[in-house]
Amino acid sequence: MKTLLLVDIQNDFIPPGPLAVPHGQEVIAVANNLIHKYPLVVATQDWHPHNHLSFASQHPGHNIGDLIEVDGLPQILWPDHCVQNTPGAELCSGLDKSRIDHIICKGTDRTIDSYGAFFDNQHRKETGLDAFLKSRNVDEIHIAGLATDYCVKFTALDAVALGFKTVLITEAVRGVELKPGDCDKAIKEMINAGVRILRKLPLDP
Ligand code: VGL
Ligand code: ZN
């Protein structure tokens, strides 16, 4: 069984959100088309407490984009984003939510960031996505959403490592690209790990 995984298609990641992914809004229409082509659709939400330690605002003297250490792990500092129960954390208003079967929240622990949909960044805690997909006999995951060089990448790498056939649909993802080339690099990493790349789904017969 196949599932479509919609990664972090949330208001704060779409222009003019605080952590807007350039052209992020373009994935909404693509996702709305894809949603009808899968028997199961799962969405993730970045879902941070207001004082999450990935926020630059929690580290006086540091700026957005700085790389620091939190709890012994490297951490890029982001603008405040996807704070639990705020409009910015909601799935984008244009996204067709009626066909989303299950939602996974991540990044809920103040002290640790969580780019991937399966685990936090230390692989200490699971989000429940693996167990949910296995309970539905899912063996193949097709990934769409934001951001190619962070959450999408880590989700795809973890999916392969967990034994899922994993497909990245490139027309349905966009990246942050803090440094030029980050998205290409992320896609190469995914290919090397065994992720299949599909530009778009084949047209209906
Ligand atoms: C993400 C940065 C911080 C993402 C989440 O969804 O790619 N990026 N939090
Ligand atoms: Zn986040």
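In this predicted model, the shell of residues around ligand 1 splits into 8 nonpolar, 1 polar and 2 charged. The two aspartates in that shell are Asp8 and Asp46, and aspartates count as charged. The surroundings also include Phe13, Leu19, Trp78, Tyr115, Leu146, Ala147 and Tyr150, along with His81 and Cys151.

Some of these neighbours make polar contacts with the ligand. The side chain of Asp8 puts an N or O atom 2.6 Å from an oxygen atom of ligand 1. His81 brings a polar side-chain atom to 3.1 Å from a nitrogen atom of the ligand, while Cys151 uses a polar backbone atom, 3.1 Å from a ligand oxygen. On its own, ligand 1 would expose 260 Å², and the protein buries 99% of that. As for where it sits, ligand 1 is found in the largest cavity.

Then there is the metal. The zinc ion, ligand 2, is coordinated by Asp46 through OD and by His48 and His81 through NE2, at 2.0 to 2.2 Å. Along the sequence, these donor residues follow the spacing D-x1-H-x32-H. Why is the arrangement around the zinc ion called irregular? Its 4 donor atoms subtend angles of 89 to 169 degrees, and that spread makes the arrangement irregular. Asp46 and His81 turn up in both stories: they help surround ligand 1 and they also coordinate the zinc ion.

Definitions and conventions: Residues numbered from 1 in each chain as written. Chains lettered and ligands numbered in written order. Predicted model: local features only at pLDDT ≥ 70, side-chain atom pairs only at ≥ 80, totals over all residues. Heavy atoms only, no water. Near = heavy atom within 4 Å. Polar contact = N/O pair within 3.5 Å; in protein donor to acceptor, adjacent residues only side chain to side chain. Areas by Shrake-Rupley, 256 points an atom, 1.4 Å probe, with all protein chains shown as cover. 1 Å grid on protein atoms, 1.4 Å probe; cavity = no way out; pocket = protein on both sides within 12 Å on 5 of 7 lines; lining within 4 Å. Sits in = over half its atoms within 2 Å of the grid points. Donors = N, O, S within 2.8 Å, 3.2 Å for Na, K, Ca; no water. Tetrahedral: all angles 85-135°; square planar, octahedral: opposite > 155°, others 65-115°.
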